[in-house]
Amino acid sequence: MKKQVLQNKPVIAVGPFHPLQEEMEFYQLTVDGEIVTDIDVRISYNHRGIEGISETLQYDQVPFLVSRICGICSASHPLAYVQAVEELAGVKLPERALYVRTIINELERIHSHMLWVGLAGHFIGYDTVFMWAWRYREPVLDLLEEMTGNRNNYGNVKVGGCREDIPDETVPKILRDLDLIEKKTDMLTKAVLDDPVIHARLKGVGTLTNEDAVRYAVTGPTARGSGVAIDVRRDDPYAAYDDLDWNVIVREEGDVFAKAVVRLLEIMESVKMLRQAVRKLPKGPVATEVKSIPPGEAVGRAEAPRGETFHYVRSDGGNRPIRHKVRAPSYVNVPSFKASCIGQHIADVTITLAAVDPCYSCTERLAVVDGHDKIIHDWRNLLKLSREKTSRIREEL
Amino acid sequence: MSDFLRLKERRIMNHQQLIAELAGIKDRLTGIDETSNKRLYLNCKAEDSFAVNKFIFEHVGARFLIATGIDAEDCFEVLYHFSYDQTGCVITVKARIDDRQKPSIESISTFLPAAEWIEREIHDLFGIEIINHPDMRRLILSDDWPEGVHPLRKRVPAEAAQEKEK
């Protein structure tokens with residue numbers, strides 16, 4: 001009997017449907033008591049075949065398709081794609097187009113990081129953080145709507161420039177809103193960094209070591225939180241990032257706390273960049289005409305909020321790409337759970353999985369399988385476990 | 001721990017030094033295309049791709065980005081994209097597979113776990129056999145998808161496609 005129990009190790013199934021954040025991923029955690037001993041991730045429950053569809057569309061149509069890969073990163077994907085096509089066509093863009101792209105992309109980073117901070121707070125039972133972060137995410141979305149017509153899925157880049165210009169009357173509004181965002185982010189950052197419970201709850205949790213970060217080739221805040229100082233905006237500059245003065249935020253610890261700090265400080269860096277970009281915004285057109293795409297191949301990359309977005313385009317000289325490969329940042333960040341989750345408590349897994357911001361989400365159901373007994377939990381129980389741990393820590397302090 | 005994983009001790013090369021460094025695998029390459037000093041394409045045969053990729057990852061110290069499978073009508077290609085972040089150079093290793101009937105290539109996941117998913121994906125979508133892969137389950141295609149139908153191939157076998165219709 002005992003032997004059988006050993007063979008049938010308890011498996012906690014998380015997923016496969018996560019309706020809160022519209023992503024479908026299926027995590028199977030093998031546990032020994034409270035400790036996670038193995039993790040298996042299954043994806044592709046909602047595969048949309050975007051790379052295949054892209055081969056049937058014309059070069060001008062593809063940006064609208066790839067902006068729908070992710071609603072939150074809907075500026076970075078089309079940007080990486082058009083940069084690949086522009087590299088192929090060898091066009092030089094008007095200065096103003098580069099600045100407009102920078103502004104849209106940095107606003108996207110602010111709203112995405114705030115979304116994450118809010119959700120992370122929610123997961124560990126800090127709903128005040130959730131409310132504050134999402135409250136001050138709104139003015140960012142309003143700005144994006146005013147400039148592009150949409151809160152998400154901006155559809156503002158095209159091969160050869162941008163579709164819409166930033167109206168002159170919006171500029172003072174951006175600067176005004178940036179002051180507000182900076183003040184509130186500063187407050188939120190200090191509140192998070194000063195809170196002893198958050199320290200106790202997130203420090204040393206879900207650590208991804210520097211070596212594992214290299215082996216799993218993670219990108220974005222996940223890499224920068226583990227001491228890997230990479231950022232495409234600095235390493236392979238695109239848009240107007242070369243003209244701006246800013247810093248790459250790096251933390252060495254690799255735990256959830258480090259990733260949170262990186263994101264919070266990156267919001268401040270983005271505010272800094274945006275101020276410069278808005279003040280420097282050159283006059284002139286925002287697009288140039290691209291007549292034809294010659295045969296060949298090219299790559300484009302952009303730093304999305306979650307990490308590096310990579311696009312590869314091959315052309316045969318026709319009006320459609322013959323191959324278009326997309327690599328979204330979560331594709332390399334998610335497998336790193338094998339390194340960061342093993343040895344963790346179940347109560348910590350929620351926040352560890354959320355820490356790479358994998359468009360991961362809410363867990364619809366959770367089944368604890370132990371021998372022949374099967375207990376079905378739901379998302380509420382997993383949240384409860386995570387929050388109970390926070391309140392335990394709070395009482396002990 | 002292997003030396004190449006110690007980021008802090010890595011040698012930082014400029015672009016000329018990077019090109020010079022590639023001499024170490026020169027006899028395994030069939031050509032080098034340099035479209036700009038940020039984009040480098042290394043051509044090789046499928047059987048040499050393992051050695052070339054290992055050299056780029058462990059010796060040059062480039063970061064793995066992703067691999068791209070391509071059905072190029074007369075052959076298959078697997079492109080391994082790396083980023084050398086010190087200069088912002090994207091190094092692409094282009095491995096050409098001439099055998100269209102039984103395409104295969106050696107797995108690089110054995111030394112680079114980041115490639116595990118994409119190799120499974122290439123196996124699903126292009127039907128390229130990945131030799132020595134640690135976990136060859138399907139990643140993209142569902143378990144009831146018919147054998148031998150690979151959606152990103154330019155020509156999907158008619159019979160298999162019909163079977164899927166049913």
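A residue counts as buried here if 20 or more other C-beta atoms lie within 10 Å of its own. Keep that cut-off in mind, and remember that what you're looking at is a predicted model.

Let's try the cut-off out on strand 8 of chain A, residues 323-327. Which residues of this strand are buried, and on which sides? On one side you'll find A:Arg323, A:Lys325 and A:Arg327, and on the other A:His324 and A:Val326; all of these are buried, and both faces of the strand are covered. That makes 5 of the 5 residues, so strand 8 of chain A is largely enclosed by the rest of the structure.

Now zoom out to the sheet this strand belongs to. It's an open sheet of 3 strands in chain A, with the order 6-7-8 and antiparallel pairing. Strand 6 (296-304) and strand 8 of chain A are the edge strands, and each pairs on one side only. From one strand to the next, the twist averages 10°. If you're wondering what links strands like these, strands of a sheet pair through backbone hydrogen bonds, either parallel or antiparallel. Strand 7 of chain A, residues 307-315, pairs with strand 8 of chain A over 5 bridges. To see part of that pairing, find A:Val313, which stands opposite A:His324 in strand 8 of chain A. There's a helix to spot here too: helix 4 of chain A (residues 76-89) lies across strand 6 and strand 7 of chain A, at about 150° to strand 6 of chain A.

Next, the domains of chain A. The domain assignment gives domain 1 as 2-46 + 335-396 and domain 2 as 50-201 + 281-331. Where they meet, the contact takes 13 residues from domain 1 of chain A and 12 residues from domain 2 of chain A. On the domain 1 side, helix 16 (346-355) and helix 17 (379-396) of chain A are the elements that give two or more residues. Helix 17 of chain A gives the most, with 7 residues. Sort that side of domain 1 by class and you get 6 nonpolar, 4 polar and 3 charged residues.

Chain A also touches chain B. This contact takes 26 residues from chain A and 25 residues from chain B. On the chain A side, the elements that give two or more residues include our old friends strand 7 and strand 8 of chain A, along with helix 10 (210-215) of chain A. Which element gives the most to this side of chain A? That's helix 10 of chain A, with 4 residues. The residues on this side of chain A divide into 12 nonpolar, 5 polar and 9 charged.

Time to meet chain B itself. Chain B has 4 helices and 7 strands, and from the N terminus on its elements run α-β-β-α-β-β-β-β-α-β-α. Of its 166 residues, 39% count as buried.

Chain B has an open sheet of 5 strands, with the order 1-2-5-4-3 and mixed pairing. Strand 1 and strand 3 (63-71) of chain B stand at the edges with a single partner strand each, so one side of each is left without a neighbour in the sheet. Neighbouring strands of this sheet are turned by 20° against each other on average, direction ignored. Start at strand 1 of chain B (residues 29-36): a hairpin joins it to strand 2 of chain B through 2 residues. These two strands pair in the antiparallel sense over 6 bridges. Among the partners, B:Ser36 goes with B:Arg39, and B:Ile32 goes with B:Leu42.

Two helices go with this sheet. Helix 2 of chain B (residues 49-60) lies across strands 1, 2, 3, 4 and 5 of chain B, running at about 165° to strand 5 of chain B. Helix 3 of chain B (residues 116-126) lies across strand 3 and strand 4 of chain B, at about 5° to strand 3 of chain B.

Finally, look for the nonpolar core. In soluble globular proteins, nonpolar side chains tend to be buried together. The largest nonpolar core here has 154 residues, and A:Ala84, A:Val85, A:Ala120, A:Ile351, B:Val78, B:Phe82 and B:Ile91 touch the most other members. Helix 5 of chain A (residues 95-123) brings the largest share, 14 residues. Domain 1 and domain 2 of chain A both give residues to this core, so it lies between them. For a close-up, pick B:Ile91: among the residues it touches are B:Leu40, B:Leu42 and B:Phe82.

Conventions
Residues are numbered from 1 along each chain as its sequence is written. Chains are lettered from A and ligands numbered from 1 in the order in which they are written. This is a predicted model: local features need pLDDT of at least 70, side-chain atom pairs count only at pLDDT 80 or more; totals for chains, interfaces and linings use all residues. Two strands pair if DSSP finds at least two bridges between them. Axes are lines fitted to C-alpha atoms, for helices over the stretch in contact, and angles run from 0 to 180 degrees between N-to-C directions. Two residues are in contact if their C-beta atoms, placed from the backbone, lie within 7 Å. Domain bounds come from an automatic or database domain assignment. Ala, Val, Leu, Ile, Met, Phe, Trp, Tyr, Cys and Pro count as nonpolar, Asp, Glu, Lys and Arg as charged, and the others, Gly among them, as polar. A nonpolar core is a set of buried Ala, Val, Leu, Ile, Met, Phe, Trp, Tyr and Cys residues joined through C-beta atoms within 7 Å. A residue is buried if 20 or more other C-beta atoms lie within 10 Å of its own, exposed if 12 or fewer, and partly exposed in between; C-beta atoms are placed from the backbone. Lists of a residue's contacts leave out its neighbours within four places in sequence.
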